[in-house]
Amino acid sequence: MTTAPYNPGVLLVLDGWGHGPATEDNAIARAHTPVLDALATKYPTTYVDASGEAVGLLPGTVGNSEIGHMVIGAGRPLEYDSLLVQRGIDSGALREHPLLSETLSGLAREDRALHLVGLASDGQIHAHIEHLRELLDIAAAHQVPRVWIHAITDGRDVADGTAAEYLRRAEAIAAAAGAGRIATVSGRGYALDKSGDLGFTRPVTAAIADGDGPRASNAEAATTNAPRGDVWIEPTVLTGEDDTPLGAIADGDAVLFTNFRSDRIQQLADHLLDHLRSGPHPRHVTALSLAEYDTRASIPALVGRADASGGLADELEGHGLRSVRIAEKEKFEHVTYYINGRDDRRRETEEHIQVAGDTAPDYTARPEMNLGRVTDAVVNAAARDEVALVIANLANIDVVGHTGDAEATVRATEFTDQAVERIRVAAEAAGRWVLLVGDHGNAEQMAKAGPDGKPRPYGGHTTNPVPVIVVSAPESMLPDRLVEPGTLADIAPTVLTLLGRTPGPAMTGRSLT
Ligand SMILES: O=C(O)[C@H](O)COP(=O)(O)O
Ligand SMILES: [Mn+2]
Ligand SMILES: [Mn+2]
């Protein structure tokens with residue numbers, strides 16, 4: 001297929017790069033970023049919506065990497081899993097779900113237990129504690145005799161030091177529903193590891209499946225011994241009045257995973273189900289998940305996924321335009337699977353380059369992460385004439401932002417600024433435009449008031465808009481100003497227009513140029 005001429009470019013996602021007031025806790029504003037500052041002055045720049053309804057989240061919900069990259073790729077807002085779960089609750093569809101009703105009635109009939117496994121916070125990135133309310137009400141309505149809550153503590157999408165408060169909220173929800181009791185408490189660093197390091201996952205499986213592990217007489221006590229914060233609360237088993245461990249999984253029980261986001265809970269789900277199926281003490285359980293997961297095990301989901309086809313990946317393939325996808329491990333899925341619409345089909349027109357991540361990372365000590373090697377790969381790809389589009393993610397601002405360490409995040413931002421200059425020079429030498437965009441906010445707000453009103457370190461995301469800068473495109477293609485107001489849904493139409501192609505028919509976003 002001969003490819004019509006095109007204007008080659010680079011789509012560069014600066015993860016967690018939000019735009020907020022230049023206050024003391026804005027690590028991006030505090031960072032020395034002469035390159036990004038100059039680009040924003042010299043080239044057309046705007047700030048687009050990357051949170052809430054603009055990207056398919058519930059109103060007022062902070063953005064996240066998955067929906068951010070999915071919408072950047074789709075060229076239209078996509079109803080995210082959290083919104084579809086909430087709709088299932090509000091419409092009563094979840095309450096009437098045949099598979100859930102049949103499973104819960106079976107537990108009541110056979111005197112078996114339901115186990116709810118999920119993140120206990122209202123961070124709305126991976127889960128929402130309020131979904132527990134509906135599930136416990138439904139379990140109570142089916143008179144399930146025992147409902148065990150295996151709570152995962154957060155401290156990453158919400159302020160650290162809030163785990164006890166969320167566990168108290170879970171207990172209040174259970175009391176109101178007349179069903180549910182916390183059986184285990186595990187920090188998300190263990191329970192939601194996605195690096196493949198089963199050293200973190202095993203103790204969580206042991207606590208949930210077998211009641212093995214350190215013990216505590218109540219949930220609050222489980223959170224007090226947390227020198228490394230809520231994220232790293234050791235998987236702990238709560239004990240009952242007679243000091244016996246609560247909530248071990250028995251043959252015939254059901255396990256329902258309550259996170260609506262798959263990427264971090266899938267490692268635990270697969271490990272737990274493998275252990276129950278083929279561990280030293282095999283048990284048969286019914287497994288369900290609130291939303292669809294990308295697990296090895298096939299786990300029936302109570303809520304489906306929105307269609308995300310017809311995006312940039314399909315359009316590039318249709319036009320025969322080669323793209324090279326580059327990121328380090330932490331964000332590799334985002335520039336491949338998620339930006340392609342949660343589609344892992346390998347297209348002839350795509351090359352994927354994953355730069356190895358750190359094992360057992362301490363990003364506050366190494367805020368540069370593996371940015372040098374990522375930048376090398378982008379510079380090399382930009383020099384290749386047959387590559388129409390380089391799509392890369394620089395992870396530092398978000399990943400270091402999640403540590404809640406403002407100083408390290410300032411340095412991560414400064415390393416990113418230097419990397420952008422290397423990429424800009426390589427793009428200019430290759431006659432490429434560069435579109436810089438954030439996928440959601442994070443580092444522009446590194447502190448948040450706690451329940452006591454005092455500011456606490458905050459490593460989570462924001463609802464702030466994200467910058468878009470279109471750099472060194474052929475003059476003829478660049479207006480003085482970009483179209484406003486814009487959202488992340490406008491990125492794919494803009495990229496296709498800059499390439500010299502029309503936006504895809506499935507794209508409701510519009511070009512910003
Ligand atoms: O999973 C994480 O690291 C955070 O909870 C969400 O961050 P992300 O949406 O940027 O991946
Ligand atoms: Mn992100
Ligand atoms: Mn993040």
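**Exercise 1. Work out how much of the protein is buried, and how the fold is put together overall.**

Start with burial: 60% of the 513 residues are buried, meaning under 20% relative accessible area, with exposed over 50% and partly exposed in between (1.4 Å probe, protein chains only). Keep in mind that this is a predicted model, where local features need pLDDT of at least 70, side-chain atom pairs count only at pLDDT 80 or more, and totals for chains, interfaces and linings use all residues. For bookkeeping, residues are numbered from 1 along each chain as its sequence is written, chains are lettered from A and ligands numbered from 1 in the order in which they are written, and side-chain values use heavy atoms, leaving out hydrogens and water.

Next, count the elements: 17 helices and 17 strands, taken as DSSP runs numbered from the N terminus (helices H or I, at least four residues; strands E, at least two). The radius of gyration is 23 Å against 24 Å from the globule rule for 513 residues, so the protein is as compact as a globular protein of that length. (The radius is taken over C-alpha atoms; the rule is 2.2 Å times the number of residues to the power 0.38.)

Finish with contacts, meaning heavy atoms within 4.5 Å. Of those between residues at least 6 apart in sequence, 78% join residues at least 24 apart.

**Exercise 2. Trace the seven-stranded sheet and find its edges.**

The order is β2-β17-β14-β1-β13-β11-β12, in an open sheet with mixed pairing; two strands pair if DSSP finds at least two bridges between them. At the edges stand β2 (45-48) and β12 (350-355), each with a single partner strand, so one side of each has no neighbour in the sheet.

Now zoom in on one pair. β11 (residues 323-328) runs parallel to β12 over six bridges, and Arg325 has His352 as its bridge partner in β12.

Then add helices. α13 (residues 312-319) lies across β1, β11, β12 and β13, at about 155° to β13; axes are lines fitted to C-alpha atoms, for helices over the stretch in contact, and angles run from 0 to 180 degrees between N-to-C directions.

**Exercise 3. Locate the protein donors of the manganese ion (ligand 2).**

Donors are N, O and S atoms within 2.8 Å of the metal (3.2 Å for Na, K and Ca); water is not among the atoms, so sites may look incomplete. Here they are Asp15 (OD), Ser65 (OG), Asp439 (OD) and His440 (NE2), at 1.8 to 2.2 Å from the ion. Their sequence spacing reads D-x49-S-x373-D-H. Ser65 sits in helix α3 (residues 65-74) and Asp439 in the loop between β14 (433-438) and β15 (447-449), 374 residues apart. Both Ser65 and Asp439 are buried. As for the neighbouring site, the manganese ion (ligand 3) is 4.3 Å from ligand 2.

**Exercise 4. Describe the eight-stranded sheet and what packs on it.**

Lay out the strands: β6-β7-β5-β4-β3-β8-β9-β10, open and mixed. The edges are β6 (215-216) and β10 (301-303), each pairing on one side only.

Check a pairing next. Two bridges join β5 (residues 181-187) to β7 (residues 236-238), antiparallel, and Val185 has Thr236 as its bridge partner in β7.

Last, the packing: helix α12 (residues 266-278) touches β3, β4 (146-153), β8 and β9, and its direction makes about 170° with that of β8.
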